[in-house]
Amino acid sequence: MAGRADDAVIRATPILWAVVLSVLLLGGALGPGYTLSYDMVWVPDLALTRDVLGLGSALPRAVPSDAVVAVLDEVTGGALLQKIVLLGTLVGAGTGFAALVRERSTAAQLVAVTLGTWNPYVAERLVLGHWPLLIGYAVLPWLVVRLRAVEEGLPRSVLPLVVLGSLSASSGLMTAVVALAVAGRADARRRLLLLLCLVGANAPWVAAGLTSPASTTTDTVGAVVFGTGDEGMSPGPVAALSFGGIWNVEVVPESRLGLAGLLFTVLLVVVAVAGAVRVARGVAVPRIGALTFCWLLGWGTAVLSWAAPQALGWLGAHVPAGGLLRDGSRLLGMAVPLVVTLVAVAVDGLLDRFAERGLRAVVGVVIALVPVSLMPDVAWGMGGRLEAVDYPASYAEARGAVRDAPAGDALSLPFVAYRAPAWNGGRRVLDPLPRFLARTTVVNDVLVVSGRPVAGEDRRSADVARALAAGTAAERAEALRAAGVSVVVAEQIDGYPSPEVAGETVAGGALTVVELGAAVSAPPGVGRLTAMVAAWAAWWAVLLVALGTAVVHARRKRGRTDTLG
Amino acid sequence: MGSVVAPVVSILAGAVLGVTTLMGVVSSQTAAPEKSPGNVEQPTLEYGTVSE
């Protein structure tokens, strides 16, 4: 009886460790309110606007993730949903990497949990607000685990994993590559089935991108500024070996810039190589070839964007959707499963040298703590950078005023993509108004990085910029209405005055709402609508099959296989 | 033999963790100030800063 209890505790240890690390990583993000950091914008009630459904004028960068949030926040509210998503993602990643090495010792699993959650890729993408990418990252180890035995059938749990892993273009790409690589040995019918699932799960962003009126090619400057960057003492390719090298130094933990960052990389490489030597000598690792392929692709893309950003810039400028690769280290998540697996093999090799169980436990725990000790500043939401805040009351007032405004779209001023409002602790965030207002909102999609503007793709945004440059308030209002804008919401931000626009002011204070009069924005064409309806139907089909097979499986649990075919 | 190995390995393990913790803490406190977000020009306008 005591033995069973001990076994249960040992089995639960990696899960508990994943929970502890995740809570420690998120810190203040789990408090009341919303965590608003760079691209991470959550609001109380996201509306299903044209943009959210992939029918807007800008490139669909948050399709289908925003649509999923818009539906789910009806149940939980945006604040709680954000915490569930962030905590679930990190715990899912930690437990996933433990499951990836479940045939190894508990100590090795603990090390896998630490390495899978407490690494630069997770910390930096978290602060940069790439939560759909992190969900995709958390899905990867589970996909590998579930697809290992694909020769015996395609597990039904792959369907929800594929849907979860395809909430954005980049995560969908990672999910597809890893799934197809691991399932490479399956027969043609199962590979086709998997491919159909992947196509359905990724259909919304693919269709939205292909039919978007925005340019599907990107500014070559983007590849230069978003390429893999150096981290302190580590050149980009070296930093990428330990899953770092993000382009934006503002989100890099300080510890990565010093000796600790270099030591982290050296230790990781040495231990992974030791694991590789053991594998070469005969330690069995399922799907090692597929994991190596994914590592090469993830690390290789990061290195390519560091060494030859102009090549990726050319790709983005000439090949539709080629800009997906411009953020070179974004696909590094694909490199993590191999490294975690090799490290776990090496850890077991070391622990095998110790006969005493207690000693093995001590050494194992110490190894599991080393990544934490080398990046202590990642704790508590990168030292408070993920602190949750409440929106000012003026946001709710503006939402109400915009809801009652005449037909047409809204415009958010000042016309800049990012801001650092005082109510958000001065932390930078993408303009929250387009998501907060229950109406399609035109924003500036020109990004400025280190003083270099990266041209946007939204032609309507360019039209509005020209309208705002008109000489008088009346001319600006007239030009904006011609561009389909019926209401303007201006936030007072020190140093960034908004141009005056003639109209009726219906709300004042920190957010001024000015009605311009009814306007007509061009509706999406029939072809685009048809494509998006078909894409969403395919997405729903994958989701419903996943839910349906889960229900059927639950009813016929005894004596049934857990596969789709 | 075992009674000697256990304390030695434990001390070594503790020392390793102590050294890495020290390095981590020191590195996180002594990074170059120009990398700090507080020193970035026009903080409300830009999306980010690349390493030079």
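These are my notebook entries on what I looked up in this predicted model.

**Entry 1: the domains of chain A**

I started with how chain A is split up. I found domain 1 covering 2–384 and domain 2 covering 393–515. I then looked up how far apart they sit, and the C-alpha centres of the two domains are 34 Å apart. The domains do touch: 23 residues of domain 1 are in contact with 23 residues of domain 2. I checked what kind of residues domain 1 of chain A brings to that contact, and got 12 nonpolar, seven polar and four charged.

**Entry 2: where chain A meets chain B**

Next I turned to chain B. I noted that chain B has one helix and zero strands. Of its 52 residues, 21% are buried.

How many residues does each chain put into the contact? I counted 43 from chain A and 29 from chain B. On the chain A side, I looked for the elements that supply at least two residues each, and they are helices H12 (254–257), H13 (259–280) and H17 (357–374), plus strands S2 (418–419) and S5 (447–449). H17(A) gives the most, with eight residues. I also sorted the chain A side by type: 28 nonpolar, eight polar and seven charged.

**Entry 3: two helices packed together**

I wanted to see how a pair of helices packs, so I picked H8 (residues 169–182) and H9 (residues 188–211) of chain A. Their axes are 10 Å apart, and the angle between them is about 175°. An angle over 145° counts as roughly antiparallel, so that is what I call H8(A) and H9(A).

Which residues make the contact? From H8(A) I listed A:Ala169, A:Gly172, A:Ala176, A:Ala179 and A:Leu180. From H9(A) I listed A:Leu194, A:Leu198, A:Ala201, A:Asn202 and A:Trp205. By type, the contact has eight nonpolar residues, two polar and no charged.

**Entry 4: a helix with a buried face**

I looked at H15 (residues 309–318) of chain A and asked which of its residues are buried. They are A:Pro309, A:Leu312, A:Gly313, A:Leu315 and A:Gly316. Looking down the axis of H15(A), I saw that the buried residues fall within an arc of 160°, so they line one face of the helix. I reminded myself that an α-helix has 3.6 residues a turn, so residues three or four places apart point the same way.

What do the buried residues of H15(A) pack against? I found helix H10 (220–225) and helix H14 (288–307) of chain A there. Over on the other side of H15(A), A:Gln310 and A:His318 are exposed.

**Entry 5: odd backbone spots**

Last, I hunted for exceptions, since most residues other than glycine have a negative phi, and most peptide bonds are trans.

I found a cis peptide bond between A:Val63 and A:Pro64, with omega about 5°. A:Pro64 sits in the loop between H1 (2–26) and H2 (65–76) of chain A. Another cis bond runs from A:Leu413 to A:Pro414, with omega near 0°. A:Pro414 is in the loop between strand S1 (409–413) and S2 of chain A.

For phi, I noted A:Tyr38, which is not a glycine yet has a positive value of about 50°. A:Tyr38 is in the loop between H1 and H2 of chain A. Is A:Tyr38 buried or exposed? It has 22 C-beta neighbours inside 10 Å, so A:Tyr38 counts as buried.

A:Met382 also has a positive phi of about 50° without being a glycine. I placed A:Met382 in helix H18 (residues 379–384) of chain A. With 25 C-beta neighbours inside 10 Å, A:Met382 counts as buried.

Note on methods:
Residues numbered from 1 in each chain as written. Chains lettered and ligands numbered in written order. Predicted model: local features only at pLDDT ≥ 70, side-chain atom pairs only at ≥ 80, totals over all residues. Domains from an automatic or database assignment. Contact = placed C-beta atoms within 7 Å. Nonpolar A, V, L, I, M, F, W, Y, C, P; charged D, E, K, R; others polar. Helix = DSSP H or I, 4+ residues; strand = E, 2+ residues; numbered from the N terminus. Buried ≥ 20, exposed ≤ 12 C-beta atoms within 10 Å, placed from the backbone. Arc of directions from axis to C-beta. Axes fitted to C-alpha atoms, helices over the stretch in contact; angles between N-to-C directions. Parallel < 35°, antiparallel > 145°, perpendicular 65-115°, else oblique.
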